[in-house]
Amino acid sequence: MTATDDTPSTGRLPGRPARLRLADGAPGPEGVAFPPFVDHHVHLQMVDPDAAPRAGIAGVVDLGAELTAISALAAREPLPRVVFAGQFLTAPGGYPSDRWWLRPGSLRELAAPNPAHERRALPEPIETAVAEQAAFGARLVKVMLNADAGPVFDRETLDAVVAAARAHGLLVAAHAEGDGMARLAIEAGADALVHAPFTERLDDELLARAVAAGQCWIATFDIHARAGEASALETAIDNTARFRAAGGRVLYGTDLGNGELPDGVNAGELAAMLAAGLGGAELVAALTDPWPLADPAAWGGDALATFVPGPPPGDADGLPGWLAGARVVPIENLEFG
């Protein structure tokens, strides 16, 4: 079976049959070449930044780091290619200000806008904070809305952050945890939820609003499975299944750096995405989605591929393990049939 074959269980996978050419020029294994795989939720300061490409991930979206460190990682030539949000933006005393894993300089606490701002010559702290993320090369900002762990932005403050991001051409990604936080993020116009909502079941009307707005969700299911959080996992899968059925855009992302997770393609994450109703082609689409970039070629698709050795499995249950065997290779090292 080739990557373009149709089967009832896996569907049509958007890859190309290929053979890997070994370093000495000899023919290597046959398999399937895909556009570069991307993990849309990582924290590179907490892991080995060079490990992901060896296990199939060509690009990463870092969603919380100290600006100097992450901008330096993004500027390196070696893989993975890095797009980043910069600092965690949170309310004073808000999550994750009290977490042991928080790296120095990676948090920015923002107070509510000053009502007398129109009489001041200097920009508001919110505007300054967002401008600094952009100046370091961030493509998006990340707002922390965790009502279960401390104070969160009110709607006025969140609106100010979103407005400042829009002024700099940045997207807004939200960590939404606790009652009403997903609704707050959706109604304020966040472009993405960095975790599929896992603390409450969202109603269909709210899901429809998120879909209509073009919001995307980053799955991150496996962190709940590995932590033994069965209820959170069930809620996240249920919300995502209905979001997807309504036309929502689901992205592959693992929250790499949060506990013990594999460096590359995570079979557990993909298995949970299957449980949320994504088919084989949708799994590949979630792995190769260019978000937050608009151009897929920006991830290196003109020069790189993610290569998976061997033929695709004949059933969907075999896809996560097969895809987890991926590696990143230069396209010039592939021979296409």
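Modeller: Contact means heavy atoms within 4.5 Å, and by that test the buried residues of helix 4 pack against strand 6 (88-90), helix 3 (125-135), strand 8 (140-146), strand 9 (171-177) and helix 5 (181-187). This is a predicted model, in which local features need pLDDT of at least 70 and side-chain atom pairs count only at pLDDT 80 or more, while totals for chains, interfaces and linings use all residues. Residues are numbered from 1 along each chain as its sequence is written, and side-chain values use heavy atoms, with hydrogens and water left out.

Biologist: What span is expected of helix 4, and what span does helix 4 reach?

Modeller: Helices (H or I, at least four residues) and strands (E, at least two) are DSSP runs, numbered from the N terminus. Helix 4 (residues 155-167) has 13 residues and reaches 18 Å from first to last C-alpha, close to the 18 Å expected at 1.5 Å a residue, where the expected span is 1.5 Å times one less than the number of residues. After helix 4 comes Gly169, with a positive phi near 70°.

Biologist: Why are the buried residues of helix 4 said to line one face?

Modeller: Thr157, Leu158, Val161, Val162, Ala164 and Ala165 are buried (under 20% relative accessible area; exposed is over 50%, partly exposed in between, with a 1.4 Å probe and protein chains only). Seen down the axis, these residues fall within an arc of 160°, so they line one face; the arc is that of the directions from the helix axis to the C-beta atoms. The face turned away from the buried side carries the exposed Glu156 and Ala167.
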